[in-house]
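Let's work through a few exercises together, one step at a time. Keep the sequence and the structure beside you as you go.

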2 protein chains.
Amino acid sequence: MKLGRLNHIGVATPSISDSITYYREVMGASDITEPFDLPEQGVKVCFVNTPTDSGMNGTQIELIEPFDESSPINGFLAKNPAGGQHHVCHEVEDIEQARAHFEGLGKRILGPTRIGAHGTPIFFLHPKDMMGQLTEIMETPKDGAH
Amino acid sequence: MKLGRLNHIGVATPSISDSITYYREVMGASDITEPFDLPEQGVKVCFVNTPTDSGMNGTQIELIEPFDESSPINGFLAKNPAGGQHHVCHEVEDIEQARAHFEGLGKRILGPTRIGAHGTPIFFLHPKDMMGQLTEIMETPKDGAH
């Protein structure tokens with residue numbers, strides 16, 4: 001498997017609305033997508049687009065807020081009430097090949113491959129097997145969109 | 001202030017050597033810089049370069065290992081023995097202007113502006129004022145190097 005683009009870093013927040021204000025007013029962001037619900041992942045999501053030297057797609061900041069009381073990020077926010085860095089997401093060309101690669105290395109995969117916030121298949125790997133980082137693996141969108 | 005490029009994410013590790021093996025063998029990285037000491041920051045450092053669609057500089061993964069027993073990342077590793085996501089670093093055009101911007105907002109700046117791992121001025125902001133993220137602000141290298 002080849003290391004793919006760092007698609008996004010996932011940042012948990014108790015309030016996407018407060019985070020959007022923060023990224024606009026404190027960090028100077030101008031390009032933030034509309035929040036939407038991803039109930040199957042238990043989160044509300046939006047993306048802060050960051051600039052690049054090339055003008056092409058930069059690594060995004062994915063803001064995630066709990067969708068409900070069963071959200072998998074509630075535990076993180078209980079420990080980190082202000083929010084914080086939650087996961088990293090790398091792209092791969094072929095999600096099934098990547099899954100087989102990590103399985104072959106004995107890495108714990110958290111649940112089935114499913115459709116992520118960018119509409120392509122994703123899965124997560126256990127942070128204890130990934131040097132402390134909850135790691136999302138995402139298939140690169142075939143249309144080049146991110 | 002305008003949000004700049006996401007230069008890198010800082011990942012603390014108990015062993016840069018182990019992390020390099022991990023990024024090569026588990027994550028499939030092929031472009032990792034030679035580790036070097038940054039004693040004034042209390043860390044050993046190297047960068048994992050990630051690919052981009054444009055072929056230009058992508059967001060890097062900065063691996064940081066404690067330089068000695070007074071390293072500022074020892075506390076993080078005591079809580080997270082396997083390592084993990086430690087900070088985010090955004091570029092700005094003018095470091096003094098950025099410092100004045102954050103000071104004006106009452107954000108706590110951690111120490112003086114100093115020279116960072118890329119050879120340009122940097123400073124850090126307190127995670128409690130930055131929605132839970134230890135945030136590094138770095139002046140964009142004037143020669144376009146990263």
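## Exercise 1: Strand partners in chain A

Task: Which residue stands opposite A:Phe123 in E8(A)?

Solution.
- Step 1. A:Phe123 faces A:Ile137 in E8(A).
- Step 2. Before going on, note that this is a predicted model, where local features need pLDDT of at least 70, side-chain atom pairs count only at pLDDT 80 or more, and totals for chains, interfaces and linings use all residues. Residues are numbered from 1 along each chain as its sequence is written, chains are lettered from A and ligands numbered from 1 in the order in which they are written, and side-chain values use heavy atoms, with hydrogens and water left out.
- Step 3. Strands E7 (residues 121-125) and E8 (residues 135-139) of chain A are antiparallel and share 4 bridges. Two strands pair if DSSP finds at least two bridges between them; strands (E, at least two residues) and helices (H or I, at least four) are DSSP runs, numbered from the N terminus.
- Step 4. Helix H3 (residues 95-104) of chain A packs on the sheet and touches E5, E6, E7 and E8 of chain A. Contact here means heavy atoms within 4.5 Å.

## Exercise 2: The sheet of chain B

Task: In what order do the 8 strands of the open sheet in chain B lie?

Solution.
- Step 1. Reading across the sheet of chain B gives E2-E3-E4-E1-E5-E8-E7-E6, and the pairing is mixed.
- Step 2. At the edges are strand E2 (36-38) and strand E6 (109-115) of chain B, each of which pairs on one side only.
- Step 3. From one strand to the next, the twist averages 25 degrees. For such angles, axes are lines fitted to C-alpha atoms (for helices over the stretch in contact), and the angles run from 0 to 180 degrees between N-to-C directions.
- Step 4. Look at strands E1 (residues 6-12) and E4 (residues 60-66) of chain B: they run parallel and are joined by 5 bridges. Within this pair, B:Gly10 has B:Glu62 in E4(B) as its bridge partner.
- Step 5. Now add a helix: H1 (residues 16-25) of chain B lies across E1, strand E3 (43-48) and E4 of chain B, at about 150 degrees to E4(B).

## Exercise 3: A salt bridge

Task: Which side chain meets that of A:Arg5 in a salt bridge?

Solution.
- Step 1. Recall the rule: a side-chain nitrogen of Lys or Arg lies within 4 Å of a carboxyl oxygen of Asp or Glu.
- Step 2. The partner of A:Arg5 is A:Glu91, at 3.1 Å from N to O.
- Step 3. This pair links distant parts of the chain, 86 residues apart: A:Arg5 is in the segment before strand E1 (6-12) of chain A, and A:Glu91 is in strand E5 (residues 84-92) of chain A.
- Step 4. Over all chains, the rule gives 10 salt bridges, while the count between chain B and chain A is 0.

## Exercise 4: Where the chains meet

Task: How many residues of chain B are in contact with chain A?

Solution.
- Step 1. On the chain B side there are 49 residues, in contact with 49 residues of chain A.
- Step 2. About 3700 Å² is buried between the two chains, and carbon and sulfur atoms give 64% of this. Buried area is the accessible area (1.4 Å probe) that two parts lose on being put together, summed over both.
- Step 3. In chain B, the residues that lose the most area to chain A are B:Leu3, B:Gln85 and B:Met131, together 21% of what that side buries.
- Step 4. The copies meet through the same surface, because 100% of the interface residues of chain B are also interface residues in chain A.
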